[in-house]
Amino acid sequence: MTTTTAPHRVVVVGSGFGGLFATKALRRSDVDVTIVARTAHHLFQPLLYQVATGILSEGEIAPSTRLILKNQANAAVVLGDVTEVDLEARTVVSVSRGRVTVTPYDSLVVAAGAGQSYFGNDHFAEFAPGMKTLDDALELRGRIMNAFDAAELTTDPVERARLLTFVVVGAGPTGVEMAGQIAELSRRTLAGTFRTIDSRDARVILLDAAPKVLPPFADSLGENARRRLEKVGVEVELGAAVTDVDADGLSVRDSDGTERRIESSCKVWSAGVSASPLAAQLAAKSGAEVDRAGRVLVEADLTLPGHPEVFVVGDMMARDKLPGVAQVAIQGGRYAARCITADVRAAATDTPRSERTPFRYRDKGSMATVTRFSAVAQVGPVKITGFLAWLMWLAVHLVYIVGFKSRLTTVFNWTWTFLGRARTQLTVTQQQMHARTALGRLVVLEDARRERDAGAAAREDARAS
């Protein structure tokens, strides 16, 4: 008689860069991989701002995870929001539409990413959406376009000025890219399309409490980006900390302590990130520490202390002051896959597991677009600006877009937008505008249903006893 050993079970939490690349790197390993993610798509987050400003469609940067992995026989996708990881039982608990799923694992890769941080002021999110999800990008597209439409209708000059004032909070790469594209949208694409307003009168303000633009980059690159933004009409205000946000505008405290008010109907928040709440749970259960952004401090092999079978990669992981960029997640995911493959081979040959080589990040540089034909790039000590940096940015981002068709349509839309004036993805719907409110109500209704069902079950148990 022969016995069949069950394949090694790998669970990957999250379908972003870290999770997807870890899964794909395990395609030839003798393992069964299950991705557990809250969405059914892989999101190319660095291009969200192009969805928000009408350059790309959501489908081009968010292909179906199931379609990506269709031909990978050892991979499956489970939709659900992970609520608990039991390190002792080695199970992952996820919830989707009230349905609870428990997925066992032998090895675990946690790549749940990070969300927008409002630094303790979560109520700002209602009035200033972040740039972390497709819902955020589509809602912002709706807010931007509806601001212009509302300005066309009003006859009050004060109200019109408020409607035509766009404020981006945070002068990091996302904020710089978003401010630059709103400015170009108003001055190029929409110019001449309205009859009672001139879209070129729109004010675009970029705020940051820091003293420079693009803090992660060299000072010279940040200064270059600031000058380019100002050239296209963006008002860059540094040393300006946002103290309050409401529907009509925001309050700002300057570095000299002066308080002032900016009236604005459309605000975008890109000032900070916070790791998934799952990070704090893993840290508490394993005895690991977390940093100020809520990221887990991992071992040299990206695992939790005392749990060599649990890898934490991407924006949830803190190690050697690595930046929260896509390349860190990609390389971390691939590294975890190599470690798992080595462990499985050792077990199959009944040999001791070899000591893991510590994770080493290979810095491939940082890039940010500023405006059409202009970007900044830093690769080690080399600093590049202008058109060459912009071409490099296009090439690098095109490589990491998943799928030939998505790459082809992205090139078409980029050509159409950057060489001409039109943008093909400016359609907005009422659903986009009110999605956040509707989802909030849905969550309340779902919580009420759960409480009702729990109460009914408790009463039934009481009657049975």
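These notebook entries record what I looked up in a predicted model.

**Entry 1. Salt bridges**

I began with the charged side chains and obtained a count of 23 salt bridges. I then examined three of the pairs and one network.

The first pair I looked up was Arg9 and Asp106, whose side chains form a salt bridge with an N to O distance of 3.2 Å. Arg9 belongs to strand E1 (residues 8–13), while Asp106 sits in the loop between strand E6 (99–104) and strand E7 (107–110); the two are 97 residues apart and link distant parts of the chain. I checked both partners for accessibility. Arg9 is partly exposed at 36% relative accessibility, and Asp106 is also partly exposed, at 21%. Asp106 is not classed as buried because its 21% does not fall under the 20% limit.

The second pair was Arg38 and Asp81, which I found in a salt bridge at 3.0 Å, N to O. Here too distant parts of the chain are linked: Arg38 lies in the loop between strand E2 (31–37) and helix H2 (48–52), and Asp81 lies in strand E4 (residues 81–86), 43 residues apart. Arg38 is exposed, with 61% relative accessibility, whereas Asp81 is partly exposed at 32%.

The third pair was Arg260 and Glu237, with a salt bridge of 2.6 Å from N to O. Arg260 is in strand E14 (residues 259–263) and Glu237 is in strand E11 (residues 234–238), so this bridge ties together parts 23 residues apart in sequence. I noted that Arg260 is partly exposed at 26%. Glu237 has a relative accessible area of 18% and is therefore buried, since the limit is under 20%.

I also recorded a network in which salt bridges with shared partners join Glu223, Arg226, Arg227 and Glu230.

**Entry 2. Cysteines**

How many disulfides does a search of the whole structure find? I obtained 0. I looked up two cysteines for burial. Cys266 is buried at 1% relative accessibility, and Cys339 is buried at 8%.

**Entry 3. Sheet E4-E5-E6**

I next turned to strand pairing. Strands E4, E5 and E6 form an open sheet of 3 strands in that order, with antiparallel pairing. E4 and E6 are the edge strands, each pairing on one side only. The twist from one strand to the next averages 20°. Between strand E5 (residues 91–96) and E6 I found 6 bridges, the two strands running antiparallel. Within this pairing, Thr91 has Pro104 in E6 as its bridge partner.

Asp81 from Entry 1 thus returns here, as a residue of strand E4.

**Entry 4. Hairpin E22-E23**

Strand E22 (residues 374–379) and strand E23 (residues 382–385) run antiparallel and are joined by 4 bridges. Gln378 has Lys383 in E23 as its bridge partner. The two strands form a hairpin with 2 residues between them, and in the turn I noted Gly380 with a positive phi of about 60°.

**Entry 5. Helices H1 and H10**

Last, I looked up a helix pair. Helix H1 (residues 17–25) packs on helix H10 (residues 326–348) at an angle of about 35°, and the axes are 7 Å apart. The crossing of H1 past H10 is right-handed.

Which residues of H1 meet H10? They are Phe17, Gly18, Phe21, Ala22 and Ala25. On the H10 side I recorded Ala326, Ala329, Ile330, Gly333, Arg334 and Ala337.

Note on methods: Residues are numbered from 1 along each chain as its sequence is written. This is a predicted model: local features need pLDDT of at least 70, side-chain atom pairs count only at pLDDT 80 or more; totals for chains, interfaces and linings use all residues. Side-chain values use heavy atoms; hydrogens and water are left out. A salt bridge is a side-chain nitrogen of Lys or Arg within 4 Å of a carboxyl oxygen of Asp or Glu. Buried means under 20% relative accessible area, exposed over 50%, partly exposed in between (1.4 Å probe, protein chains only). Two strands pair if DSSP finds at least two bridges between them. A disulfide is a pair of cysteine sulfur atoms within 2.5 Å. Axes are lines fitted to C-alpha atoms, for helices over the stretch in contact, and angles run from 0 to 180 degrees between N-to-C directions. A crossing is left-handed if the near helix is turned anticlockwise from the far one by less than a right angle, and right-handed if clockwise. Contact means heavy atoms within 4.5 Å.
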